[in-house]
Amino acid sequence: MMIPNINHNLPLDKAELIAFFLESLLYGVSLLLFVITIWVLVYHRKSERLNKRLVATSSLMMFFGTFHLAVDLVRVLEGFISQREAVGGPVAYFARLYEWSQLLKTAIFAIQTVLADSFATYRCWVVWNRSWAVIIPALCVIGTLIAGIGVVHGCAITKNGDVFASTLSGWITSFFTLTLATNVICTSLIAARIWFTTRKVARFSGQQTLMPVVIVVVESGFIYSASCITLLVVYLIGSNAQYPALDGTFPIISIVFNLIIVRIALGIAHGGASGMQTTNPPSAVGDNARSFASHHNNSQFPMKPLAVTVTQLVTKETDTPVKERDEDSFTTDEGRERKERGSWNAV
């Protein structure tokens, strides 16, 4: 239920200005991560084949991020410069939801969200060996797309400038609830799959080499989930603070996507970094992270014997042969060993 009459705490023009500043700040972070991601995927890769799918998705997200920021810049200049002497001033301009610039930035936000959710579902599908386990997040993605179209249409027909109007509130709430559900479900499914597989491997090898992947996936998923929850809360209480929350969430989508790639490729997880520092069996979270990174280096636990152990374990537990993982699901893993180690770099 909406709580009215609190918008005076944050005037609309001030909210838009804060939103533009916050988006610009986070855009710089996303741009830096994008550059690192392209370097990792193109120049730091171990396989001979370029992962075009990840490069294309990351580049598309950066394009939409730049496009969205440019539209916001146009709106700020129009509102505070061109419309400052008009009737109602900047507040009246920013309240017109049917303005072409507002409709365009809303559409870009919906496209970016659906793109990120689609790739999260794809990652989950690959990790679960193309299983029907991803049917629920896939349906959520379709629902998010429909809700996004509904939001754009609702803005186009709303003439009173009330973003909390009944013609919009249902679509907006559904949009962010569905994308939040997609993120939580995909993160949980990927983390659970890797964790259970790692436990089986650990019985024979004494290592938990994939646990840092679980940490990276969960931590990155938490960032986006927290931003969605914050946005939902400030919108449902009817506050103009939803504008900074909304524009701040947009670059976070790209940040989270690229952060997963960079951290896994460089072996960076909670409490650990380079595998070159590891010579003993991992016994803590930080050691696990360093052990994960050491896949690219010589260690006392080489990958090939470990991969044989995994194969033996799968053979004993099921009569169904293990499917070959999709090569496009990898980030910067070793091309020659990807069939032996599985497709965990899809996350």
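1. Start with the salt-bridge network: Asp72, Lys105 and Asp247 are linked in one. Keep in mind that this is a predicted model. Across the structure there are four salt bridges, and the points below go through several of them.

2. Within that network, have a look at the contact between lysine 105 and aspartate 247, whose side chains meet at 3.3 Å, N to O. Lysine 105 sits in helix 4 (residues 100-127) and aspartate 247 in helix 8 (residues 242-265), so this pair ties together parts that are 142 residues apart in sequence. Are these two charged residues buried or exposed? Both lysine 105 and aspartate 247 are buried.

3. Helix 8 turns up again in the bridge between arginine 263 and glutamate 219, with side chains meeting at 2.8 Å, N to O. This pair also links distant parts of the chain: arginine 263 is in helix 8 and glutamate 219 in helix 7 (residues 211-236), 44 residues apart. The two partners get different burial labels because the cut-off for buried is under 20% relative accessible area. Arginine 263 comes in at 13% and counts as buried, while glutamate 219, at 29%, is partly exposed.

4. Then there is arginine 96, which forms a salt bridge with glutamate 99; their closest N and O atoms are 2.9 Å apart. Which side of the burial cut-off does each partner fall on? Arginine 96 is partly exposed at 22% relative accessibility, whereas glutamate 99 is buried, with a relative accessible area of 16%. The line between those labels is drawn at 20%, so both values are worth reading alongside the labels.

Notes:
Residues numbered from 1 in each chain as written. Predicted model: local features only at pLDDT ≥ 70, side-chain atom pairs only at ≥ 80, totals over all residues. Heavy atoms only, no water. Buried < 20%, exposed > 50% of the residue type's maximum accessible area, 1.4 Å probe, protein only. Helix = DSSP H or I, 4+ residues; strand = E, 2+ residues; numbered from the N terminus.
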